[in-house]
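Me: I have a chain open in my viewer. I would like a close look at a single part of it, with the surroundings filled in.

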Amino acid sequence: QHPAWAALTTGMWATEVPIMQVAANARGSVLREGVIDAIRLDSAGWLVVDWKSDRLSASGWSRVLPKYEQQVALYAEALRAISGQPADGVVVHVSPS
């Protein structure tokens, strides 16, 4: 069992959380929006959890993981900007059923 499962049982948590942020970039502003699979807030800050159930080999998963990590990092960045609290994220590869 991934440690993220245990982490979600402590503090305040929610699933399927919509998030939207207007962020500045080199061209002006960009609207970032998405739905976070799960978040937890405790005394250490936010934990963003993104579950992925891709049916891939280990090497295939290694190739797509950076894209997913970037997505989670953007969610965490938005939570930090919106709340002023620290935020970190994790991608959890689960077996599809």
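How many aromatic pairs does the structure hold? Please take that part closely, then connect it to the rest of the chain.

Reply: First, a caution: this is a predicted model. The structure holds one aromatic pair. Its members are Trp61 and Tyr68. Their ring centres lie 5.8 Å apart, and the planes make 40 degrees with each other. That makes the pair tilted, because planes under 30 degrees apart would count as stacked and planes over 60 as edge-to-face.

Both partners are buried. Trp61 has a relative accessible area of 12%. For Tyr68 the value is 10%. Each counts as buried because the cut-off is under 20%. Across the chain, 32% of the 97 residues fall in the buried class.

Now the surroundings. Helix 2 covers residues 58–83. This helix packs on the sheet and touches strand 1, strand 2, strand 3 and strand 4. Its direction makes about 150 degrees with that of strand 4.

The far end of the numbering in helix 2 is worth a stop. Ser83 lies in this helix. Ser83 is partly exposed, with a relative accessible area of 33%. Ser83 and Gly45 are 38 residues apart in sequence, yet their C-alpha atoms are 9.6 Å apart in space.

Next, the sheet itself. Four strands form it, in the order 1-2-3-4. The sheet is open, and its pairing is mixed. Strand 1 (12–25) and strand 4 (87–93) are the edges, each pairing on one side only. From one strand to the next, the twist averages 40 degrees.

As background, strands of a sheet pair through backbone hydrogen bonds, either parallel or antiparallel. Both senses can be followed from strand 3. On one side, strand 2 (residues 28–42) pairs with strand 3 (residues 45–52) in the antiparallel sense, over five bridges. A hairpin of two residues joins strand 2 to strand 3. Two positions let you check the register in your viewer. Ala38 stands opposite Val49 in strand 3. Arg40 stands opposite Leu47 in strand 3.

On the other side, strand 3 pairs with strand 4 in the parallel sense, over seven bridges. Here Lys52 has His93 of strand 4 as its bridge partner. The link between these parallel strands brings us back to the helix: strand 3, helix 2 and strand 4 make a right-handed β-α-β unit.

Strand 3 is also well covered. Seven of its eight residues are buried, so this strand is largely enclosed by the rest of the structure.

Finally, step back to the whole chain. Its secondary structure comes to two helices and four strands. From the N terminus on, the elements run α-β-β-β-α-β. The C-alpha atoms fill a box of roughly 40 × 35 × 20 Å along the principal axes. Among contacts with a separation of 6 or more, 54% join residues 24 or more positions apart. The chain exposes about 6,200 Å², and carbon and sulfur atoms supply 55% of that area.

To return to your starting point: Trp61 and Tyr68 form a tilted pair. Trp61 is buried, and so is Tyr68.

Definitions and conventions
Residues are numbered from 1 along each chain as its sequence is written. This is a predicted model: local features need pLDDT of at least 70, side-chain atom pairs count only at pLDDT 80 or more; totals for chains, interfaces and linings use all residues. Side-chain values use heavy atoms; hydrogens and water are left out. Two strands pair if DSSP finds at least two bridges between them. Axes are lines fitted to C-alpha atoms, for helices over the stretch in contact, and angles run from 0 to 180 degrees between N-to-C directions. Contact means heavy atoms within 4.5 Å. Buried means under 20% relative accessible area, exposed over 50%, partly exposed in between (1.4 Å probe, protein chains only). A crossover is right-handed if, with the strands pointing away from the viewer, the path from the first strand over the helix to the second runs clockwise. Rings of Phe, Tyr and Trp (its six-membered ring) pair if their centres lie within 6.5 Å; planes under 30 degrees apart count as stacked, over 60 as edge-to-face and the rest as tilted. Accessible areas come from the Shrake-Rupley method with a 1.4 Å probe; for residues, only the protein chains shown count as cover.
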